[in-house]
Each structure stands twice: as C-alpha cells, then as structure tokens.
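Here are some short exercises to work through with the structure open beside you. Try each task on your own before you read its solution.

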Amino acid sequence: MATTTSVSNISVAMSRPRVTSSQKLGSVILGGRVKVGSCDKLGSVCHVASVKPFQQVSPSCNVKFDKFVTKAVSESSSNNQVAGLPIDLRGKRAFIAGVADDNGYGWAIAKSLAQAGAEILVGTWVPALNIFESSLRRGKFDESRKLQDGSLFEIAKVYPLDAVYDTPEDVPEDVKANKRYAGAKNWTVKEVVESVKNDFGTIDILVHSLANGPEVSKLLSETSRKGYLAALSASSYSYISLLKHFLPIINPGGASLSLTYIASERIIPGYGGGMSSAKAALESDTRVLAFEAGRKKRIRVNTISAGPLGSRAAKAIGFIDTMIDYSYTNAPIQKELNAEEVGNTAAFLASPLASAITGAVIYVDNGLNAMGVGVDSPVFKDLNIPKQEH
Ligand SMILES: NC(=O)c1ccc[n+]([C@@H]2O[C@H](COP(=O)([O-])OP(=O)(O)OC[C@H]3O[C@@H](n4cnc5c(N)ncnc54)[C@H](O)[C@@H]3O)[C@@H](O)[C@H]2O)c1
C-alpha cells in the first residue's frame, strides 16, 4: 500500500516496508527514486528491494559507517519501486559563499546541491579567486566534481567576493591598492548581489560557508578589540549582510544556511580570537533571521553545526587533526566525518522536505555534541564503554 502526497515540486511516496533507522543511516537519497534496503539488524545481511537513479547507500550492510559510498543505479531496474523520498532541487538556483577549493564544506554543499539538480553559483574570496579559477580550468578538481552518473558538476558562475565589505565605499584604500585585489571588480556584497541579479534574476538557496578570525590562535582573554571585531565581521555579520542584500532576490519559499561549530556553546580550547563568540552570534542570528525572513518571504534560515574537517581554513587554525582524532575516539558514531554528509544535510535543509525546519542548529558531527565527557580520559579506564562491533 502506497500513498503519495505532493509537497511543492517533490513527490513523497509512503509505503511499506518502512525503512528502519539503521537503514536511514546508510541510505541518503539525492534524486530520482529510492532504493530501499532491508538490513536484518546492524551488522548483518542487506537485501535490496527497488531502484532508480541516484542514491547513496552504505557500501554494505555490514554496517561499517566509515564512509558512505555513492552508487548510481540504472533506470531499467526501477520496476519494483517501493518508496520514494527524493531530494529534488531541479529548477532551483543556489549561491554558495565561501568556496575556494575542493576540500571545504562549501564545495561539498555545492556538489550535493548540484547532485540534487540545483544550478550552482559560488562566491570566492578575492585573494583566492585566481588560483581557484585556474585550478577549475586546468581540471584539478575534476575528480571531486564527479556526480553519481559520472558527469562533472558545473559551476554556472564564480563571483569574486569579500564578505567583509558591504559596498565599495566601505573598502579602505590599502585594500583597494592591494595587488591581491587588482583585476577583480564588483566584489563587495552589494555589488555581487547586483551582478547575480543582472545575470540570473533570482536565487532560491543561499549558503554562507565562510569564516575568518585573524587572532584565532590567541586566547579569548588575550584577543585585541580589533581581532575580535574582525572575527565577528568576517564570520557573523557577513551572513547578515549577505542575507540582507540577497533577500529581495531570493524567491519566496527559499532557504538559507550557514555553518557553525560547537565552540559556540561549549569550551573548545584553541578556537580563540573571538571565533567562539562569532559562532555564538551566528547561531543567535540564525533564529532572529529565521523569524524575519520567514515572515517577509517564507524563507527558512538554518545553520549546520559541523564536526571537524581538515579544510584549508581549519588547517590554518593548527589543531584540526587532534580534533578529528578526538571526535573519532569520543563521539557516539566512531568514524571520520565526511564533508559529503554535511553537503547532503544541506541539500535536505534546502529542499521542501525540510519545509517546517527553520531557526534551527542542526548537528552533523557523528553525535559528538551530545557527549558530556571525553571517554578517552584515563578516569574512565575501568568503565564499561560499549565497543564498536565490526
Ligand atoms: N572545518 C571544520 O572543522 C569546521 C567545523 C565546523 C564549522 N566549520 C565552518 O565551515 C565553514 C567553511 O569552512 P571550512 O572549514 O569548510 O573551510 P574553507 O577553507 O573551505 O572555507 C572557508 C572559506 O571562507 C573564505 N573566506 C574567508 N574570508 C572571506 C571573506 N572575507 N569573504 C569571502 N570569503 C572568505 C575562504 O576563502 C574559504 O573559501 C566556516 O564557517 C567554518 O567555520 C568548519
């Protein structure tokens, strides 16, 4: 028995058998119809029921959540469709601010949104623009541009952006004269939005995936006023500015997202210079902006609190490998976090499937946020801590 409801442009089919929570962990559907696997239990045999293109399934149901593997499935095997819950962003256009290589969360989000069918525009920090564009042109990112059907995802346009400046009048002389900015034009927030409007008219999805804190390696108590305000300007106000300027051209019912970190609400030594404060501001702003953008244009505003990833920005902070190890050792789910998992969550949040989710902080961190203690502490050595079954 299957019932089908239509939510906006998405068809939601509900039928038996139900997908269990363990199956859901291993199957994220990105487009097309769904393949429903049935696992006897965690760690045992997996039976596959029905298929259609693009889906993500765990490599096997020997539930080893090391890495999700994406699998393209042929059209012809779609006869036994059981259930469908696709993330379908076809016809939607996304602007992702904060993409300058293929290692970070911005890239992973762009790729997942593209996989779901969205058209992708990106905003790239001006000093990183040349190298990003030339790497794209030279095919350096081709491997990570590959979608599930083997095609390469396209970025419709790369916009130079410095989200610290709202208008050309805000740009100081030394920045104007800086050779890293020479040659690039119209890169303040207001100008970027005007260019997007001229080129494409409107967007549906806005993603803020950028942060900068010049004194990040300093203790908060040793941070200068200038450094603190710079962290908030680049990492928090930049989001308000982007949303403020984009709001008139985001289609009603659209979605906006940012990236935050648990240091906003728990003490993470080493994440200094006001960066923890900037993330706290970003999360608070997410709630207020959700109200304002929701009331004005039914636009949803959420933030993803992501676990540690060895991106360029994170490497610059200097202790990312330690944080990755710490998470692996202490989180409820013991595996390395894959940027794609954040990308897929972003695609879900941007889609009508998340139509009632706004003003939320969504954790994508293998559950580390839920821990009250680090279980690798020697004080727990005699405690009965469940071991991962292989
Ligand atoms: N990597 C992690 O462990 C982690 C964890 C939680 C949250 N986050 C957040 O994810 C987001 C993306 O960071 P990432 O770690 O993927 O690194 P990243 O290096 O891929 O992304 C940061 C981007 O910000 C851009 N940027 C910096 N200043 C800018 C400015 N003034 N204007 C425009 N762009 C600017 C950089 O060029 C870079 O592309 C950030 O908000 C970060 O705080 C990262």
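The exercises below use a predicted model, and each one comes with a worked solution.

**Exercise 1. Get an overview of the protein chain.**

Solution. Start with the secondary structure: the protein chain has 11 helices and 14 strands. Next, look at burial. Of its 390 residues, 43% count as buried. Finally, turn to contacts between residues with a separation of 6 or more: 73% of them join residues 24 or more positions apart.

**Exercise 2. Describe the shell around the ligand.**

Solution. First, find the residues: 27 of them surround the ligand, and the closest are Gly104, Trp125, Leu210, Leu259 and Ala313. Then ask which elements give two or more residues to this shell; they are α2 (105–115) and α9 (312–317). The most comes from α9, with 3 residues. Last, sort the shell by class, which gives 18 nonpolar, 7 polar and 2 charged residues.

**Exercise 3. Check the span of helix α7, and find where α7 bends.**

Solution. Helix α7 covers residues 225–246, which is 22 residues. The expected span is 1.5 Å times one less than the number of residues, so the helix should span 32 Å. The C-alpha atoms at its ends are 29 Å apart, which agrees. Now look along the helix for the bend: α7 turns by about 45 degrees at Tyr237.

**Exercise 4. Explore the largest nonpolar core.**

Solution. As background, nonpolar side chains in soluble globular proteins tend to be buried together. Here the largest nonpolar core has 80 residues, and those with the most contacts inside it are Ala94, Ile96, Leu113, Ile120 and Ala346. The largest share of this core comes from α7, which gives 9 residues. Now zoom in on Ala94. Setting aside neighbours within four places in sequence, Ala94 has contacts that include Leu113, Ile120, Ile203 and Asp204.

**Exercise 5. Compare the surroundings of Arg298 and Asn366, two non-glycine residues with positive phi.**

Solution. Take Arg298 first. Its phi is about 55 degrees, and it sits in the loop between α8 (275–297) and β13 (300–306). A residue is buried if 20 or more other C-beta atoms lie within 10 Å of its own, and exposed if 12 or fewer do. Arg298 has 13 such atoms within 10 Å, so it is partly exposed.

Now move to Asn366, in the segment after β14 (361–364). Its phi is near 60 degrees. With 21 other C-beta atoms within 10 Å, Asn366 is buried.

Conventions:
Residues numbered from 1 in each chain as written. Predicted model: local features only at pLDDT ≥ 70, side-chain atom pairs only at ≥ 80, totals over all residues. Near = placed C-beta within 6 Å. Helix = DSSP H or I, 4+ residues; strand = E, 2+ residues; numbered from the N terminus. Nonpolar A, V, L, I, M, F, W, Y, C, P; charged D, E, K, R; others polar. Bend = angle between axes of the 7 residues up to and from the residue. Core = buried A, V, L, I, M, F, W, Y, C linked by C-beta atoms within 7 Å. Contact = placed C-beta atoms within 7 Å.
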